[in-house]
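This report looks at how helices pack against one another and at which residues end up inside. Please keep the sequence and the structure in view while reading.

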Amino acid sequence: MRKTITDLQSMKQKKELIVALTSYDFQIATIIDSVCDFVLVGDSLGNVFQGNETTLNVSIENMIYHGSIVSRAVKESHLCIDMPFMSYQSSTEDALRNAGRIIKATGAESVKLEISFDSLNTINKLSNAGIPVVAHVGLCPQSFNMYGGYKKQGKNKSEQEYIYTLSKEAEINGASILVIEGVPENLANKITKSLKIPTIGIGAGKKCDGQILVTEDLLGLTPSPHPSFVKNYSNLRTTIKKSINSYKNEVKKNKFP
Ligand code: KIV
């Protein structure tokens with residue numbers, strides 16, 4: 001059975017760290033399912049799967065397509081699906097309709113939104129409608145054009161105050177989990193300590209209640225440069241290239257089949 005939001009919340013109480021990874025396809029999802037507590041079909045699929053510079057082109061249909069595929073593989077982990085750019089910002093009604101579509105079509109347990117103070121009512125309405133919300137704060141990739149690139153957040157006191165207050169408000173308005181991206185460790189620590197809901201960090205130091213990475217980054221499958229916080233646990237690009245070259249040489253020399 002899949003982990004529920006309350007299973008993940010009780011991990012915080014038990015001081016058990018949450019292991020989270022992204023997936024967009026069946027093969028990776030079947031590998032990570034039994035290892036992870038939380039699988040995210042991230043809109044980072046716009047970068048990693050579609051090869052775009054940003055996540056802004058990703059559509060609801062893309063999320064439903066990849067979400068349904070990953071959902072077929074996920075049996076034990078919690079499954080969360082990202083709401084893509086402009087599927088929830090325009091109005092709470094749009095957010096409810098689109099989140100409902102994603103949950104019904106994919107069978108995921110929760111949706112993730114990159115939030116601002118404008119999103120608080122939406123978090124409230126979605127959670128009251130029975131849709132657990134994972135709220136994403138700090139570096140929000142859908143704000144690429146506002147930042148002028150992927151830039152660390154919480155660099156000064158006022159940015160830190162903004163992210164801290166927003167995180168508190170997200171919890172008050174019903175968010176079930178908080179993803180904190182690209183902020184200093186001391187800020188992520190302060191937020192983690194002051195919230196009852198779990199925090200999952202990415203590029204936010206080691207004081208969160210869990211960590212998430214893009215799976216293809218940690219496997220060394222995405223071409224460099226990677227964000228500075230990414231650790232390559234293997235170098236699959238090199239391994240795959242070697243195998244493909246061996247195949248090529250054997251075909252050229254008429255050794256295969
Ligand atoms: O889109 C994504 O994959 C994400 C995670 C990396 C947090 O938002």
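In this predicted model, the axes of helix 4 and helix 5 come within 9 Å and cross at roughly 30°. Angles under 35 degrees count as roughly parallel, so helix 4 is roughly parallel to helix 5. Their crossing is right-handed. On the side of helix 4, the contact is made by I60, E61, M63, I64, G67, S68 and S71, and on the side of helix 5 by N98, R101, I102, A105 and T106. By class, these residues divide into five nonpolar, five polar and two charged.

Two packed helices are described by the angle between their axes and the distance between the axes. The table gives both values for each pair discussed here.

| Helix pair | Angle between axes | Distance between axes |
|---|---|---|
| Helix 4 and helix 5 | roughly 30° | within 9 Å |
| Helix 5 and helix 6 | about 40° | 9 Å |
| Helix 8 and helix 9 | about 25° | 10 Å |

Helix 5 (residues 92-106) also packs with helix 6 (residues 120-128). The angle of this pair is about 40°, and helix 5 and helix 6 are therefore oblique to each other. Helix 5 passes helix 6 in a right-handed crossing. In the contact, T92, A95, L96 and A99 of helix 5 meet N121, T122, K125 and L126 of helix 6. The classes here are four nonpolar, three polar and one charged.

One of the residues in that contact, T122, can be followed further. Is T122 buried or exposed? Its relative accessible area is 3%, and a residue counts as buried under 20%, so T122 is buried. Apart from neighbours within four places in sequence, T122 touches T92, A95 and L113.

The next pair is helix 8 (residues 157-172) and helix 9 (residues 185-194). With an angle of about 25°, helix 8 and helix 9 are therefore roughly parallel to each other. The crossing of helix 8 with helix 9 is right-handed. Helix 8 supplies Q160, I163, Y164, S167, K168 and E171 to the contact, while helix 9 supplies L187, K190, I191 and S194. Sorted by class, there are four nonpolar, three polar and three charged residues.

The nonpolar cores come next. In soluble globular proteins, nonpolar side chains tend to be buried together. The largest nonpolar core in this model has 54 residues, and the members that touch the most others are L79, L113, I115, I123, L178, I180 and I191. Helix 4 (residues 60-73) gives this core its largest share, five residues. A second core, separate from that one, has 14 residues, among them M11, A20, F38 and I212.

Which residues does I180 contact, leaving aside its neighbours within four places in sequence? They are V137, A188, I191, T192, T199, I200, G201, I202, A204 and C208.

The last residue to consider is G210, which is found in strand 8 (residues 210-213). G210 is buried, with a relative accessible area of 2%. Leaving aside neighbours within four places in sequence, G210 is in contact with L17, I18, T199, I200 and G201. Its C-alpha atom is separated by 7.2 Å from that of A20, although G210 and A20 are 190 residues apart along the chain.

How values were computed:
Residues numbered from 1 in each chain as written. Predicted model: local features only at pLDDT ≥ 70, side-chain atom pairs only at ≥ 80, totals over all residues. Heavy atoms only, no water. Axes fitted to C-alpha atoms, helices over the stretch in contact; angles between N-to-C directions. Helix = DSSP H or I, 4+ residues; strand = E, 2+ residues; numbered from the N terminus. Parallel < 35°, antiparallel > 145°, perpendicular 65-115°, else oblique. Left-handed = near helix turned anticlockwise from the far one by under 90°. Contact = heavy atoms within 4.5 Å. Nonpolar A, V, L, I, M, F, W, Y, C, P; charged D, E, K, R; others polar. Buried < 20%, exposed > 50% of the residue type's maximum accessible area, 1.4 Å probe, protein only. Core = buried A, V, L, I, M, F, W, Y, C linked by side-chain atoms within 4.5 Å.
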